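This report introduces a protein chain to a reader who has not met it before. The sequence and the structure come next, followed by a short description.

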Amino acid sequence: MIKKYKTNHVKEHKKQQHCVTCNRYVTYDERYPDYVCKKCVELAIDKGGKSVTFFNITDSGHGCQGKYVDDGKLCRGTTCFIKGVRCFAEEAYFGGIVIRPFKRNRKAGDILEKLGSLEP
Ligand SMILES: [Zn+2]
């Protein structure tokens, strides 16, 4: 998926980015060039395979807390796995939550192969 560009000028290719875990086209974000799309965020699980979701601690959009989808219990940490890719959630700059991979991966497929499937 890596395109060759004629120049290295930022303006030439700044409006394109893809979800790191499914490669779907997502809205370009200068601050978060590797964020996970909404569809994939719904697939987030903890290391035990339980579905987790993340939300802001305050109404004004600050803080980041995770909770289990099934029982609503809060979970510790902001690490999660999406399609086998280890990710972390954080408070987004403009409020809300953004989830990104720990390691910026050029090809999600490579990482998936290495980690194997984490499907329950
Ligand atoms: Zn995605």
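## The hairpin of strands 6 and 7

The model is a predicted one. In the hairpin of strand 6 and strand 7, two residues lie between the strands. Lys-83 takes a positive phi there, near 50°.

Strand 7 covers residues 85-91, runs antiparallel to strand 6 and is joined to strand 6 by four bridges. Within this pairing, Ile-82 stands opposite Val-85 of strand 7.

## The two faces of strand 6

In a regular strand the side chains alternate between the two faces of the sheet. Strand 6, residues 79-82, has side chains that alternate in this way. Cys-80 and Ile-82 point to one face and are buried. Thr-79 and Phe-81 point to the other face and are not buried.

## The sheet

Strands 6 and 7 belong to an open sheet of three strands, in the order 6-7-8, with antiparallel pairing. Strand 6 and strand 8 (97-101) stand at the edges with a single partner strand each, so one side of each has no neighbour in the sheet. From one strand to the next, the twist averages 40°.

## The chain as a whole

The protein chain contains three helices and eight strands. Read from the N terminus, its elements follow the order α-β-β-α-β-β-β-β-β-β-α.

The chain has 120 residues, of which 18% count as buried. Among contacts between residues at least 6 apart in sequence, 42% join residues at least 24 apart.

Definitions and conventions
Residues numbered from 1 in each chain as written. Predicted model: local features only at pLDDT ≥ 70, side-chain atom pairs only at ≥ 80, totals over all residues. Buried ≥ 20, exposed ≤ 12 C-beta atoms within 10 Å, placed from the backbone. Pairing = 2+ DSSP bridges. Contact = placed C-beta atoms within 7 Å. Axes fitted to C-alpha atoms, helices over the stretch in contact; angles between N-to-C directions.
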